[in-house]
Amino acid sequence: MQFGRYYEEFEVGAVYKHWPGKTVTEYDDHLFCLITMNHHPLHLDVNYAENTTDFGKNVVVGNYIYSLLLGMSVPDVSGKAIANLEIESLRHVKPTFHGDTIYGETEVLDKTPSKSKDDRGVVYVETRGYKQDGTVVCIFRRKVMVPKQSYGDARGGEQPGRPEPKA
């Protein structure tokens with residue numbers, strides 16, 4: 001199973017559909033909010049959400065959806081990354097609610113070889129997240145520094161650092 005891609009494997013215009021999706025539970029949302037100290041009642045207080053918001057129910061915190069999509073993209077995009085360089089933009093397009101299932105896909109917008117080191121390059125991608133009904137909920141663009149095949153070969157290939165079992 002491939003985990004990430006080398007620079008040479010990225011093609012401008014390619015779209016990677018991340019699998020599987022993830023159904024967001026109330027527990028997921030509340031845990032993320034509490035870990036990150038985001039105690040806004042829109043995410044945590046059912047009474048508040050039902051009686052004082054246009055949504056009429058709790059909204060999943062947007063940064064959890066972004067983080068979920070970023071994680072979903074790792075096997076297809078940044079699993080071999082040397083560095084995540086930049087999040088250029090992040091848009092929360094529509095709300096997500098408990099029980100929604102999130103799917104993601106990433107499109108390669110551009111790629112540029114490194115000017116300072118010949119064993120790597122920068123890949124520019126856009127990730128889109130959408131719900132089970134196809135409604136787009138989150139879009140972000142980022143730049144990732146990824147190695148070329150020569151970089152990987154010099155450091156142990158596909159599974160660098162993996163030990164062999166002892167008899």
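## Aromatic pairs

In this predicted model, Y16 is buried, since its relative accessible area of 10% falls under the 20% that marks the limit for that class. F10 likewise counts as buried, with a relative accessibility of 1%.

A search of the whole structure finds 6 aromatic pairs. Among them is the pair of F10 and Y16, whose ring centres lie 6.2 Å apart and whose planes stand at 75°, so that the arrangement is edge-to-face. A further pair, formed by W19 and Y103, is stacked, with 6.3 Å from centre to centre and 20° between the planes.

## A link between two strands

The pair of W19 and Y103 also connects two elements of the fold: W19 belongs to strand β1, which covers residues 15–23, and Y103 belongs to strand β3, which covers residues 101–113. The pair therefore ties together parts that are 84 residues apart in sequence. W19 counts as exposed, at 72% relative accessibility, whereas Y103, with a relative accessible area of 24%, is partly exposed.

Ring pairs extend this link to Y130, so that W19, Y103 and Y130 are joined into a cluster.

## Charges over rings

Two tyrosine rings have a charged side-chain end placed over them. The charged end of K111 sits over the ring of Y7, at 4.4 Å from the centre of that ring. In the other case, the charged end of R155 sits over the ring of Y151, and here the distance to the ring centre is 3.7 Å.

## The sheet and its helix

The sheet is open and consists of 5 strands, which follow one another in the order β1-β3-β4-β5-β2 with antiparallel pairing. Its edge strands are β1 and β2, the latter spanning 83–92, and each of these pairs on one side only. When direction is ignored, neighbouring strands of the sheet are turned by 20° against each other on average.

At one end of this order, β2 is joined by 8 bridges to strand β5, made up of residues 136–147, and the two run antiparallel. Within this part of the sheet, R91 has I139 of β5 as its bridge partner. Helix α4, formed by residues 62–78, packs on the sheet and touches β1, β2, β3, β4 (120–131) and β5. The direction of helix α4 makes about 40° with that of β5.

Key:
Residues numbered from 1 in each chain as written. Predicted model: local features only at pLDDT ≥ 70, side-chain atom pairs only at ≥ 80, totals over all residues. Heavy atoms only, no water. Phe/Tyr/Trp six-rings, centres within 6.5 Å; stacked < 30°, edge-to-face > 60°. Buried < 20%, exposed > 50% of the residue type's maximum accessible area, 1.4 Å probe, protein only. Helix = DSSP H or I, 4+ residues; strand = E, 2+ residues; numbered from the N terminus. Lys NZ or Arg CZ within 6 Å of the ring centre and 35° of its normal. Pairing = 2+ DSSP bridges. Axes fitted to C-alpha atoms, helices over the stretch in contact; angles between N-to-C directions. Contact = heavy atoms within 4.5 Å.
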